[in-house]
Amino acid sequence: MFLIGLSGGIGSGKSTVSNFLRNSGIPVIDADQIAREVVKQNSKCYFLIRKHFGPEVINDADGEINRPYLAQIIFNDPEKRKLLNSITHPEVQKRTFLQILYYFITFSPFVVLDIPLLFESSIYKPYMSYTILVTCTPEQQKERIKKRNGYTDEEASSRISAQMPIEEKRQLADIIIDNSGDLEATIEKTKAVFRDLRFPLTFWIFRFLLIGLTLIPTVILLKLL
Ligand code: ADP
(Lines give C-alpha, C1' and ligand atoms only; values in the text may rest on other atoms or scores of the structure.)
Protein backbone atom coordinates (compact mmCIF):
# COMPACT_ATOMS: atom_id res chain seq x y z
CA MET A 1 0.00 0.00 0.00
CA PHE A 2 1.18 3.53 -0.62
CA LEU A 3 0.19 6.87 0.82
CA ILE A 4 -0.90 10.01 -1.03
CA GLY A 5 -0.87 13.34 0.80
CA LEU A 6 -3.54 15.87 -0.15
CA SER A 7 -3.27 19.49 0.93
CA GLY A 8 -3.92 23.08 -0.06
CA GLY A 9 -4.07 26.59 1.27
CA ILE A 10 -7.10 27.55 3.35
CA GLY A 11 -10.12 27.84 1.04
CA SER A 12 -8.28 26.51 -2.00
CA GLY A 13 -10.64 23.52 -2.35
CA LYS A 14 -8.87 20.66 -0.54
CA SER A 15 -12.05 19.49 1.22
CA THR A 16 -14.01 19.76 -2.02
CA VAL A 17 -11.52 17.41 -3.71
CA SER A 18 -11.29 15.03 -0.76
CA ASN A 19 -15.10 14.80 -0.50
CA PHE A 20 -15.26 13.93 -4.17
CA LEU A 21 -12.60 11.21 -3.70
CA ARG A 22 -14.41 9.76 -0.68
CA ASN A 23 -17.72 9.74 -2.54
CA SER A 24 -15.97 7.91 -5.39
CA GLY A 25 -15.00 5.11 -3.00
CA ILE A 26 -11.36 6.07 -2.56
CA PRO A 27 -10.10 5.60 1.03
CA VAL A 28 -9.47 9.03 2.56
CA ILE A 29 -8.18 9.74 6.05
CA ASP A 30 -9.29 13.19 7.13
CA ALA A 31 -6.85 14.75 9.62
CA ASP A 32 -9.31 17.56 10.42
CA GLN A 33 -12.03 15.06 11.26
CA ILE A 34 -9.64 13.16 13.55
CA ALA A 35 -8.60 16.45 15.18
CA ARG A 36 -12.29 17.11 15.92
CA GLU A 37 -12.80 13.60 17.32
CA VAL A 38 -9.84 13.67 19.73
CA VAL A 39 -11.21 16.70 21.60
CA LYS A 40 -14.73 15.30 22.01
CA GLN A 41 -16.32 15.58 25.43
CA ASN A 42 -14.75 13.39 28.16
CA SER A 43 -11.76 12.38 26.03
CA LYS A 44 -8.20 12.60 27.41
CA CYS A 45 -7.48 15.68 25.25
CA TYR A 46 -10.74 17.33 26.34
CA PHE A 47 -9.75 17.21 30.01
CA LEU A 48 -6.20 18.38 29.29
CA ILE A 49 -7.47 21.33 27.21
CA ARG A 50 -9.93 22.32 29.94
CA LYS A 51 -7.14 22.08 32.52
CA HIS A 52 -4.66 24.22 30.56
CA PHE A 53 -6.97 26.67 28.77
CA GLY A 54 -9.63 27.10 31.45
CA PRO A 55 -13.40 26.47 31.56
CA GLU A 56 -14.02 29.42 29.21
CA VAL A 57 -13.12 27.20 26.22
CA ILE A 58 -16.12 24.96 26.98
CA ASN A 59 -19.51 25.68 25.41
CA ASP A 60 -22.20 26.27 28.05
CA ALA A 61 -24.86 24.82 25.77
CA ASP A 62 -23.47 21.35 25.02
CA GLY A 63 -20.31 21.04 27.15
CA GLU A 64 -18.13 20.52 24.06
CA ILE A 65 -14.95 22.48 23.38
CA ASN A 66 -15.62 25.74 21.54
CA ARG A 67 -13.24 25.05 18.65
CA PRO A 68 -13.60 28.42 16.86
CA TYR A 69 -12.83 30.20 20.17
CA LEU A 70 -9.85 27.93 20.81
CA ALA A 71 -8.66 28.48 17.23
CA GLN A 72 -8.86 32.23 17.82
CA ILE A 73 -6.74 31.94 21.00
CA ILE A 74 -3.98 29.88 19.38
CA PHE A 75 -4.02 31.97 16.21
CA ASN A 76 -2.88 34.97 18.28
CA ASP A 77 -0.55 33.14 20.69
CA PRO A 78 2.24 30.85 19.39
CA GLU A 79 3.01 29.48 22.89
CA LYS A 80 -0.60 28.42 23.39
CA ARG A 81 -0.60 26.90 19.89
CA LYS A 82 2.44 24.83 20.87
CA LEU A 83 0.71 23.74 24.08
CA LEU A 84 -2.47 22.71 22.24
CA ASN A 85 -0.45 20.83 19.61
CA SER A 86 1.46 18.97 22.33
CA ILE A 87 -1.90 17.83 23.74
CA THR A 88 -3.65 16.85 20.51
CA HIS A 89 -0.92 15.81 18.05
CA PRO A 90 0.13 12.51 19.68
CA GLU A 91 -3.53 11.40 19.77
CA VAL A 92 -4.15 12.53 16.17
CA GLN A 93 -1.04 10.66 15.01
CA LYS A 94 -2.06 7.50 16.87
CA ARG A 95 -5.53 7.48 15.29
CA THR A 96 -4.13 8.29 11.85
CA PHE A 97 -1.73 5.37 12.16
CA LEU A 98 -4.57 3.02 13.22
CA GLN A 99 -6.64 4.08 10.20
CA ILE A 100 -3.66 3.50 7.87
CA LEU A 101 -3.23 0.07 9.47
CA TYR A 102 -6.91 -0.69 8.84
CA TYR A 103 -6.55 0.11 5.12
CA PHE A 104 -3.31 -1.88 5.00
CA ILE A 105 -4.82 -5.07 6.41
CA THR A 106 -7.90 -4.69 4.20
CA PHE A 107 -5.62 -4.65 1.12
CA SER A 108 -6.27 -1.10 -0.10
CA PRO A 109 -3.72 -0.36 -2.80
CA PHE A 110 -3.41 3.22 -1.55
CA VAL A 111 -4.93 5.69 0.86
CA VAL A 112 -5.25 9.46 0.62
CA LEU A 113 -4.33 11.49 3.69
CA ASP A 114 -6.13 14.82 3.72
CA ILE A 115 -3.83 16.99 5.83
CA PRO A 116 -4.22 20.79 5.95
CA LEU A 117 -0.63 21.45 7.09
CA LEU A 118 1.07 18.66 5.15
CA PHE A 119 3.75 20.96 3.74
CA GLU A 120 4.21 23.05 6.89
CA SER A 121 4.82 20.07 9.17
CA SER A 122 7.58 17.53 8.61
CA ILE A 123 5.74 14.64 10.28
CA TYR A 124 3.78 13.08 7.42
CA LYS A 125 5.45 14.23 4.20
CA PRO A 126 8.39 11.74 4.25
CA TYR A 127 5.93 8.81 4.20
CA MET A 128 4.01 10.02 1.15
CA SER A 129 4.65 8.44 -2.23
CA TYR A 130 2.92 11.44 -3.82
CA THR A 131 1.79 14.81 -2.58
CA ILE A 132 -1.11 16.63 -4.21
CA LEU A 133 -1.71 20.35 -3.79
CA VAL A 134 -5.10 21.92 -4.55
CA THR A 135 -4.68 25.56 -5.58
CA CYS A 136 -6.55 28.63 -6.69
CA THR A 137 -5.54 32.29 -6.70
CA PRO A 138 -5.10 34.08 -3.32
CA GLU A 139 -7.98 36.39 -4.30
CA GLN A 140 -10.24 33.38 -4.82
CA GLN A 141 -9.07 31.87 -1.51
CA LYS A 142 -10.00 35.10 0.22
CA GLU A 143 -13.43 35.37 -1.38
CA ARG A 144 -14.22 31.72 -0.73
CA ILE A 145 -13.32 31.78 2.98
CA LYS A 146 -15.12 35.08 3.48
CA LYS A 147 -18.21 33.39 2.11
CA ARG A 148 -17.68 30.04 3.86
CA ASN A 149 -16.59 31.29 7.31
CA GLY A 150 -18.10 34.75 7.37
CA TYR A 151 -14.64 36.33 7.82
CA THR A 152 -14.06 40.04 7.27
CA ASP A 153 -11.54 41.07 4.62
CA GLU A 154 -8.80 41.48 7.26
CA GLU A 155 -9.59 38.17 8.98
CA ALA A 156 -9.45 36.35 5.66
CA SER A 157 -6.15 38.01 4.71
CA SER A 158 -4.51 37.23 8.05
CA ARG A 159 -5.58 33.57 7.88
CA ILE A 160 -4.12 33.22 4.40
CA SER A 161 -0.88 35.01 5.26
CA ALA A 162 -0.43 32.90 8.42
CA GLN A 163 0.10 29.88 6.16
CA MET A 164 3.08 28.94 4.00
CA PRO A 165 2.79 30.91 0.73
CA ILE A 166 1.13 28.86 -1.98
CA GLU A 167 4.14 29.39 -4.29
CA GLU A 168 6.37 27.62 -1.76
CA LYS A 169 3.90 24.76 -1.48
CA ARG A 170 3.88 24.45 -5.27
CA GLN A 171 7.63 23.78 -5.20
CA LEU A 172 7.13 20.98 -2.66
CA ALA A 173 4.15 19.23 -4.27
CA ASP A 174 4.40 16.40 -6.81
CA ILE A 175 1.00 17.05 -8.40
CA ILE A 176 -1.06 20.26 -8.62
CA ILE A 177 -4.84 20.32 -9.00
CA ASP A 178 -5.80 23.80 -10.14
CA ASN A 179 -9.16 24.74 -8.63
CA SER A 180 -9.36 28.27 -10.02
CA GLY A 181 -12.03 27.28 -12.53
CA ASP A 182 -15.47 25.83 -11.88
CA LEU A 183 -16.11 22.72 -9.81
CA GLU A 184 -16.74 20.51 -12.83
CA ALA A 185 -13.30 21.32 -14.23
CA THR A 186 -11.70 20.49 -10.87
CA ILE A 187 -13.51 17.14 -10.68
CA GLU A 188 -12.30 16.27 -14.18
CA LYS A 189 -8.70 17.19 -13.23
CA THR A 190 -8.97 15.10 -10.06
CA LYS A 191 -10.26 12.09 -12.00
CA ALA A 192 -7.39 12.45 -14.49
CA VAL A 193 -4.79 12.63 -11.69
CA PHE A 194 -6.07 9.41 -10.10
CA ARG A 195 -6.31 7.67 -13.47
CA ASP A 196 -2.66 8.48 -14.18
CA LEU A 197 -1.20 7.61 -10.78
CA ARG A 198 1.69 5.23 -11.19
CA PHE A 199 1.94 2.62 -8.51
CA PRO A 200 5.44 2.93 -6.98
CA LEU A 201 8.01 0.13 -6.82
CA THR A 202 7.34 -0.47 -3.10
CA PHE A 203 3.71 -1.23 -3.99
CA TRP A 204 4.73 -3.92 -6.52
CA ILE A 205 7.34 -5.42 -4.17
CA PHE A 206 4.69 -5.64 -1.45
CA ARG A 207 2.19 -7.23 -3.86
CA PHE A 208 4.72 -9.85 -5.05
CA LEU A 209 5.69 -10.65 -1.46
CA LEU A 210 2.07 -11.00 -0.48
CA ILE A 211 1.28 -13.26 -3.43
CA GLY A 212 4.41 -15.32 -2.70
CA LEU A 213 3.58 -15.64 0.97
CA THR A 214 0.06 -16.87 0.27
CA LEU A 215 0.77 -18.91 -2.87
CA ILE A 216 3.81 -20.92 -1.71
CA PRO A 217 2.21 -22.37 1.47
CA THR A 218 -0.97 -23.12 -0.53
CA VAL A 219 1.01 -25.09 -3.17
CA ILE A 220 2.96 -26.96 -0.46
CA LEU A 221 -0.26 -27.76 1.35
CA LEU A 222 -1.92 -29.02 -1.84
CA LYS A 223 1.08 -31.28 -2.57
CA LEU A 224 0.97 -32.73 0.91
CA LEU A 225 -2.71 -33.60 0.67
P1 ADP B 1 -10.40 24.04 1.90
O2 ADP B 1 -10.80 22.67 2.37
O3 ADP B 1 -9.17 24.01 1.05
O4 ADP B 1 -10.31 25.06 3.00
P5 ADP B 1 -13.01 24.04 0.59
O6 ADP B 1 -12.97 22.81 -0.24
O7 ADP B 1 -13.81 24.01 1.85
O8 ADP B 1 -11.52 24.57 0.91
O9 ADP B 1 -13.50 25.24 -0.33
C10 ADP B 1 -13.67 26.54 0.21
C11 ADP B 1 -15.00 27.11 -0.23
O12 ADP B 1 -14.95 27.37 -1.62
C13 ADP B 1 -16.17 26.15 0.01
O14 ADP B 1 -17.27 26.88 0.43
C15 ADP B 1 -16.40 25.52 -1.37
O16 ADP B 1 -17.74 25.17 -1.56
C17 ADP B 1 -15.97 26.66 -2.31
N18 ADP B 1 -15.36 26.17 -3.55
C19 ADP B 1 -14.46 25.18 -3.68
N20 ADP B 1 -14.10 25.02 -4.97
C21 ADP B 1 -14.78 25.97 -5.66
C22 ADP B 1 -14.82 26.32 -7.06
N23 ADP B 1 -14.10 25.70 -7.98
N24 ADP B 1 -15.64 27.34 -7.41
C25 ADP B 1 -16.38 28.00 -6.48
N26 ADP B 1 -16.38 27.70 -5.16
C27 ADP B 1 -15.58 26.70 -4.75
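This report looks at two places in the structure: the surroundings of the ligand and the second largest pocket. Keep in mind that the model is predicted.

## Around the ligand

Let's begin with the ligand and its neighbours. The shell around it holds 14 residues, and Gly-11, Ser-15, Thr-16, Arg-148 and Asn-179 come nearest. Sorted by class, this shell has 8 polar, 4 charged and 2 nonpolar residues.

Two helices each supply at least two residues of the shell: H1, spanning 14-23, and H6, spanning 138-149. The biggest share comes from H1, which gives 3 residues.

## Polar contacts and burial

Zooming in on single atoms, you can find a polar side-chain atom of Arg-148 at 2.7 Å from an oxygen atom of the ligand. The backbone takes part too: a polar backbone atom of Lys-14 is 2.9 Å from a ligand oxygen, and for a polar backbone atom of Gly-9 the distance to an oxygen atom of the ligand is 3.4 Å. How much of the ligand does the protein bury? Of the 560 Å² that the ligand exposes when taken alone, 74% is buried by the protein.

## The second largest pocket

Now for the second stop. The second largest pocket contains about 340 Å³ of space. Its lining is made up of 17 residues, with Leu-3, Phe-97, Ile-100, Tyr-127 and Met-128 nearest the centre. Strand E1 (2-8), helix H5 (78-105) and helix H10 (201-224) are the elements that give two or more residues to this lining. H5 gives the most, with 6 residues.

By class, the lining of this pocket has 13 nonpolar and 4 polar residues, and no charged ones.

## Between two domains

Where does the second largest pocket lie with respect to domain 1 and domain 2? Domain 1 covers 1-27 and 108-225, while domain 2 covers 31-107. Because both domains give residues to the lining, the second largest pocket lies between them.

How values were computed
Residues are numbered from 1 along each chain as its sequence is written. This is a predicted model: local features need pLDDT of at least 70, side-chain atom pairs count only at pLDDT 80 or more; totals for chains, interfaces and linings use all residues. Side-chain values use heavy atoms; hydrogens and water are left out. On a 1 Å grid over the protein atoms alone, a cavity is a set of points where a 1.4 Å probe fits but cannot get out, and a pocket is an open set with protein on both sides within 12 Å along at least five of seven lines; lining residues have an atom within 4 Å of a point. Grid points are joined across faces, edges and corners, and a volume is the space filled by probe spheres set on the points. Helices (H or I, at least four residues) and strands (E, at least two) are DSSP runs, numbered from the N terminus. Ala, Val, Leu, Ile, Met, Phe, Trp, Tyr, Cys and Pro count as nonpolar, Asp, Glu, Lys and Arg as charged, and the others, Gly among them, as polar. Domain bounds come from an automatic or database domain assignment. A residue is near a molecule or strand if one of its heavy atoms lies within 4 Å of it. A polar contact is a pair of N or O atoms within 3.5 Å; within protein, one must be able to donate a hydrogen and the other to accept it, and residues adjacent in sequence count only if both atoms are side-chain atoms. Accessible areas come from the Shrake-Rupley method with a 1.4 Å probe; for residues, only the protein chains shown count as cover.
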